[in-house]
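Thanks for coming. I will put the structure up and then walk through a few parts of it.

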Amino acid sequence: MDKSIECCSTHLIDGDGTFNASGIDKFTKEVKLAECGLSYAVVAIMGPQSSGKSTLLNHLFGTNFREMDAFKGRSQTTKGIWMAHCVGIEPCTLVMDLEGTDGRERGEDDTTFEKQSALFALAVSDIVLINMWCHDIGREQAANKPLLKTVFQVLMRLFSPRKTTLMFVIRDKTRTPLENLEPVLKEDIQKIWDSVPKPQVHKETPISEFFNVEVVALSSYEEKEEQFKEQVANLRQRFFHSIAPGGLAGDRRGVVPASGFSFSLQHIWKVIKENKDLDLPAHKVMVATVRCEEIANEKFSSFATNEEWCQLEQTVQSQPVPGFGRKLTSILDVCLSEYDSEATYFDEGVRSSKRKHLEEKLLQLVHPAYQFMLGHIRSGTLYRFKEAFASALNGGKGFAVSARDCTEFFMSQFDKATADADINLANWDSSRVREKLQRDIDAHIAEVRAAKLSELTTKYETKLNEALSGPVESLLDGASDETWPAIRKLLRRETEVAVTGFSSALSGFEMDEATKSKMLSKLEDHARGIVEVKAKEEAGRVLIRMKDRFLTLFSQDSDSMPRVWTGKEDIRAITKTARSSSLKLLSVMAAIRLDDDVDAIENTLSLALVEPSKSGTSTNRSNLVDPLASSSWEEVVPSSKTLLTPVQCKSLWRQFKTETEYTVSQAIAAQEASRRNNNWLPPPWAIVAIVVLGFNEFMTLLRNPLYLGIIFVLFLLIKALWMQLDISGEFRNGALPGILSISTKLLPTIMNLLRKLAEEGQRPANSGPQHNSPFLAKNSTNDQSHMSSVASSEVTSSENGTEYSSPLVHHKAQ
């Protein structure tokens, strides 16, 4: 069963006996009764007033009937007849809660409705619960015996009898066993049945032909609540599959199909109401009731089809109607005056009652149109308010003043428009619509206010970002002792400018000082946040910055020109200066210093990284502790302001030294190579040794000139090979690489020289034989001078790690 229909209920018949036809139709649709066919059951309960009928039904079937409040006294709670759908019981079970009998509200003589309702319950129900107190058993009036007698008699006369289960529910059971109470009840029922006049055909028919009599007993709900609930839970199980064979209503007869249930109820009640034995209304009142109702229905139908009303209703659905209240009041007055003219001679009470009912129906009919009109007034007023409010703000008027003036003006306009739409007959209250308009206006003001404040905040935050981001990055890039003081000065200046402008812009909003101070403080925090974020970004790139600064200072002189390592530069001093500057950058980036507090980070880094010997001499080596072996700067800098911890600084410095040592070694190698290239003479001691030890060989060469010629030729050949192989260039990068390179080029170079000599020797002589020797000598000399080549050289740049090489160049003799 769908959860949405489980607890559905309706007021079937009101206290005046009016049958709620529309209500029962709606009810049957909601519980989908038409789909049940014959698989449904109807249960009713009757009994004295305030005997706990509704309470029993709510616990037994999960309904939501209104219960009596014991603290307010005993009075009539259920008026008329209510019907509800039982929760969680199969098949679909409907329960009727009847108005209590013997109530003081109806008086001593007005028992007509009690008889009608009891007869109605017996006529339509499969199971009838008769609720009675235990101490009433054996009594005459309290046990509803006269009522049952009348009901039995009329039931036999009006309807085809059906099999109904009468279940007597004895409440507040005493110590008397149920076995002793049940015979007394059944004996009383039998006596009532025997005394009822019956048609001839049913003269000897026993009560069991029409009724199954059941008796159950329940403990006191107030005194033994848990026991009561347990007994009710057990009784509830008997209502499952109640129409199945052997169930409480297993042998019922004459069941109306579920699709005709609503009509059957209405017809049965009509027959009961028209029965003169049970209902004897005054003929005058009856005629007045019927006729006045007919007149009222006619006038209502006439009003519903009135051309002027239909046009007014159609127009107001799409647009506001000027003079709506006046026009509609006029149409209603005409309709009611016609009713008064035709019903003037009928009973005044009935006439007035029906007129009031007609007014209610008419007002109910026109109320949607009135709501449409109020909706148009509200939406139009809100639209005009938005336009006027925007114009006031664009005109430079203060936000708070604009909001206050526009709100007061347009709320007064709304009040005037709703007064024009009011109907004289109705006392309708437009305060809810007015409150909704006020809420809409307040919501729009709040939305615009939030948007304006957000726009202002974004504007000044953007200005701060533009004013701080670039300069802070530049100051951090050129880190020095004045970096953080300059950043603090810049931050104070730009924050003061932004806060002053923002505070002036907020004055038009007339906000409280606490809120204003909070927003200004948030802007100041944003400014500090920009600096902190930029500092964190630069701290993430500190290693790159350190290497750039080192390479700049190491590779360029004071005039920003590239250094040429001639051998005269003090590489150690240059390296120390460059590293000290890089260490300065590292110390600046180690922490955020937006306050004026002084720290010793730079000194700590310098002693620990650049001059560790000094830090070691001042302390006993047995007690020496690394000052950078920590994850914080202790109390000097809080963790929230730390960008680089001591451990990180130490790791960065180690990585920095590793990546810059190659540049230093390259510079040293270049310096040594330059020295070697510029000094070809051996040391003085070597020259003296050569003179002393080579004197005899020198004299031998002077005595034998042929040796000089051979030595000269060998000198020329060796010089040619030296120049061709670029021996000095090959050994610039080390002995082993030079030897390997020369070994691969030696043989091809010798072959090339021999080939050139052979070509020169085969060249035809132009001058005769006597000139061959001078020509060969001259040509040999020219070849030696022109066959020079530059060997490939490799220069490694320590700044970017890129290797440059020059191709081999050959010079041929022309």
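Helices and strands here are DSSP runs, numbered from the N terminus, with at least four residues for a helix and at least two for a strand. With that numbering, Lys32 sits in the loop between α1 (21-30) and β2 (40-46). I will come back to that residue shortly.

First, what kind of model this is. It is a predicted model. The mean pLDDT of the chain is 78, and 81% of the residues reach 70 or more. Over residues 70-74 the pLDDT is below 50, and that stretch has six contacts in the model beyond near neighbours in sequence. Residues 616-623 also have pLDDT below 50, and there the model shows two contacts beyond near neighbours in sequence.

Now the overall inventory. The chain has 26 helices and eleven strands. Of its 814 residues, 40% are buried. Taking contacts with a separation of 6 or more, 73% are between residues 24 or more positions apart.

Next, some backbone details in the loops. Lys32 has a positive phi, about 55°, although it is not a glycine. Its side of the story on exposure is brief: Lys32 is partly exposed, with a relative accessible area of 41%. His241 is another residue other than glycine with a positive phi, in this case near 55°. His241 is in the loop between α6 (225-237) and α7 (261-274). Then there is a cis peptide bond, from Glu90 to Pro91, with omega near 0°. Pro91 is in the loop between β3 (81-85) and β4 (92-98).

On to helix packing, and I will take three pairs.

Start with helix α14 (residues 483-506) and helix α15 (residues 513-540). They pack at an angle of about 150°, with their axes 10 Å apart. Angles over 145 degrees count as roughly antiparallel, so α14 is roughly antiparallel to α15. The crossing of α14 and α15 is right-handed. On the α14 side the contact includes Trp484, Ile487, Leu491 and Phe502, and on the α15 side it includes Met519, Leu520, Leu523 and Val531. By residue type, the contact of α14 with α15 divides into 13 nonpolar, two polar and three charged.

While we are on α15, look at Lys522, which is in that helix. Is Lys522 buried or exposed? Lys522 is exposed, with a relative accessible area of 57%. Its C-alpha is 9.4 Å from the C-alpha of Thr457, and the two residues are 65 apart in sequence.

The second pair is helix α16 (residues 542-555) and helix α17 (residues 571-589). Their axes come within 9 Å and cross at roughly 150°. That makes α16 roughly antiparallel to α17. The crossing of α16 and α17 is right-handed. Which residues of α16 meet α17? They are Val542, Arg545, Met546, Arg549, Phe550, Leu553 and Phe554. Among their partners in α17 are Ile571, Ile574, Ala578, Leu585 and Met589. The contact of α16 with α17 divides into eleven nonpolar residues, four polar and three charged.

The third pair shares α17, and brings in helix α18 (residues 601-610). α17 and α18 pack at an angle of about 135°, with their axes 9 Å apart. α17 and α18 are therefore oblique to each other. The crossing of α17 and α18 is right-handed. From α17 the contact uses Ser580, Leu583, Lys584, Leu586 and Ser587, and from α18 it uses Ile601, Glu602, Leu605, Ser606, Leu609 and Val610. Those residues divide into six nonpolar, three polar and two charged. Leu586 of α17 is in the contact with α18, and Leu586 is also listed in the contact with α16.

One last residue, in a different helix. Ser352 is found in helix α11 (residues 348-394). Ser352 is partly exposed, with a relative accessible area of 39%. The C-alpha atoms of Ser352 and Cys292 are separated by 9.3 Å, and the two are 60 residues apart along the chain.

That is what I had to show. I will take questions now.

Conventions:
Residues are numbered from 1 along each chain as its sequence is written. This is a predicted model: local features need pLDDT of at least 70, side-chain atom pairs count only at pLDDT 80 or more; totals for chains, interfaces and linings use all residues. Side-chain values use heavy atoms; hydrogens and water are left out. Axes are lines fitted to C-alpha atoms, for helices over the stretch in contact, and angles run from 0 to 180 degrees between N-to-C directions. Angles under 35 degrees count as roughly parallel, over 145 as roughly antiparallel, 65 to 115 as roughly perpendicular and the rest as oblique. A crossing is left-handed if the near helix is turned anticlockwise from the far one by less than a right angle, and right-handed if clockwise. Contact means heavy atoms within 4.5 Å. Ala, Val, Leu, Ile, Met, Phe, Trp, Tyr, Cys and Pro count as nonpolar, Asp, Glu, Lys and Arg as charged, and the others, Gly among them, as polar. pLDDT is the predictor's confidence in each residue, from 0 to 100. Buried means under 20% relative accessible area, exposed over 50%, partly exposed in between (1.4 Å probe, protein chains only).
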